[in-house]
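Let's take a walk through this protein chain together. Have the sequence and the 3D view at hand as you read.

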Amino acid sequence: MKDYYKIIKKYKGRRFYKKEIYQIEVKNTAYGILIENFADKFPTWLAPVKVKNLLISDKFENYAEKIKINLEEAGIRVEIDSRTEKIGYKIREARNKRVPYMIIIGEKEEDNKTVSVRSRDNGEEGEVDLILMCEILPPSISGRWIALDD
């Protein structure tokens, strides 16, 4: 406890009281319990990144930006993975990071103005219209419910 107090005092540069230290410890404990309980598989509303756009090629970066803008307007946090890696590697990496939804963007999706959706729980979900995607995702994010295993 004394070492913890010294670290905080040095970090903040001001004197802390026991109440403040207790509040910090409670928050850290709560975060630890959440991470341990969900095993890094947070519900969609709690996940830091809700959707990850995975590009098959650099040619589709403009379409990926358009998708990102539409989803951000709907209140969904999105990241674009535009690295020059194989798509299988990108999918595996996103799955290991426990991203709830992955959108695979290729030539077919750009031509049809759709997105190929892959979820963490159900796997491949097929092609979905972009407008429909912006309507489907927000309820699962704003619902703030937790599915309990029996």
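In which sense do strands β3 and β4 pair, and over how many bridges? The model is a predicted one, and in this model β3, residues 101-105, pairs with β4 in the antiparallel sense, with 4 bridges between them. To find your place in that pairing, look for I104, which stands opposite S116 in β4.

Now turn to the other partner of β4. Strand β5 covers residues 123-129, and β4 pairs with β5 in the antiparallel sense over 6 bridges. A good spot to check is V117, whose bridge partner in β5 is G126. The link between these two strands is a hairpin: 3 residues join β4 to β5.

What about the surroundings of β4? This strand spans residues 114-119, and 5 of its 6 residues are buried, which means that β4 is largely enclosed by the rest of the structure. Buried here stands for under 20% relative accessible area. For the chain as a whole, 33% of the 150 residues count as buried.

Stepping back, you can place these strands in the full chain. There are 6 helices and 5 strands, and starting from the N terminus the order of elements is α-α-β-α-β-α-β-α-β-β-α. Contacts tell their own part of the story: among those between residues at least 6 apart in sequence, 55% join residues at least 24 apart. Finally, the surface: the chain has an accessible area of about 10,400 Å², and carbon and sulfur atoms account for 52% of that.

How values were computed. Residues numbered from 1 in each chain as written. Predicted model: local features only at pLDDT ≥ 70, side-chain atom pairs only at ≥ 80, totals over all residues. Heavy atoms only, no water. Buried < 20%, exposed > 50% of the residue type's maximum accessible area, 1.4 Å probe, protein only. Pairing = 2+ DSSP bridges. Contact = heavy atoms within 4.5 Å. Areas by Shrake-Rupley, 256 points an atom, 1.4 Å probe, with all protein chains shown as cover.
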